[in-house]
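Here's a quick look around one ligand site. Have the sequence and the 3D view open as you read.

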Amino acid sequence: MSIRLLGAAFLVLFYVGIGYAIEKITYPTRIGAVVFPHKKHQDALGQCRICHENGPRKIDGFDKVMAHGKGCKGCHEQMKKGPTRCGDCHKSG
Ligand code: HEC
Ligand code: HEC
Ligand code: HEC
């Protein structure tokens, strides 16, 4: 294995290390906070790329449109798993 490949392998492990530290991400919205169980998704989907096309970090342009599309809801509809109704994601109180 070349030195360069070895470097890439370490980088991947490093990212996975960070990723596993992210248990939950909360989106406070005006119709109720959405709690995204990040770690649970990592475990259920077994990969990062399905959501992180450009690498495991903050997702460029992640917003309401994306959340209601492929970023959250679209995938739940497609896989027939996970919440698809407003109140099942947006929880008040
Ligand atoms: C089901 C989709 C999904 C999967 C699978 C997923 N993530 Fe994420 N991840 C997200 C979302 C959504 C965010 C928040 C994006 C944002 O708000 O910009 C995020 C954020 C992150 C962040 C940045 C957190 C911050 O605040 O800086 C890291 C690092 C990360 N994920 C790593 C990983 C790793 C590593 C894996 C695989 C082991 C993984 N993710 C799998 C959806 C996912
Ligand atoms: C699968 C989870 C999910 C479902 C289902 C869902 N949302 Fe959302 N919604 C989110 C997330 C996550 C955000 C935050 C996106 C961001 O800020 O980046 C959001 C943002 C919003 C916002 C923006 C609020 C603000 O403070 O800017 C509104 C309004 C909203 N959703 C309404 C709805 C309505 C109405 C429904 C049902 C028709 C719905 N949502 C269904 C996850 C969901
Ligand atoms: C690529 C597909 C995919 C994306 C993108 C995705 N999810 Fe999910 N989600 C799933 C699957 C699959 C499950 C079912 C997991 C299980 O039952 O173990 C799930 C389950 C959930 C659950 C229920 C967890 C529980 O404890 O039962 C919530 C809440 C949720 N998702 C919120 C979100 C939010 C918010 C986003 C966007 C920030 C999102 N998901 C993005 C596939 C996805």
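A polar contact here is a pair of N or O atoms within 3.5 Å; within protein, one must be able to donate a hydrogen and the other to accept it, and residues adjacent in sequence count only if both atoms are side-chain atoms. By that rule, a side-chain N or O atom of H90 sits 2.9 Å from a nitrogen atom of ligand 2. Here are two further contacts with ligand 2:

| Residue and its atom | Ligand 2 atom | Distance |
|---|---|---|
| R30, backbone N or O | oxygen | 2.9 Å |
| H68, polar side-chain atom | nitrogen | 2.8 Å |

A bit of housekeeping: this is a predicted model, where local features need pLDDT of at least 70, side-chain atom pairs count only at pLDDT 80 or more, and totals for chains, interfaces and linings use all residues. Residues are numbered from 1 along each chain as its sequence is written, chains are lettered from A and ligands numbered from 1 in the order in which they are written, and side-chain values use heavy atoms, leaving out hydrogens and water.

Now for the metal. H68 and H90 are the protein donors of ligand 2's iron atom, each through NE2 and 2.0 Å away (donors are N, O and S atoms within 2.8 Å of the metal, or 3.2 Å for Na, K and Ca; water is not among the atoms, so sites may look incomplete). The pair is 22 residues apart, with H68 in helix 3 and H90 in strand 3 (residues 90-91); helices (H or I, at least four residues) and strands (E, at least two) are DSSP runs, numbered from the N terminus.
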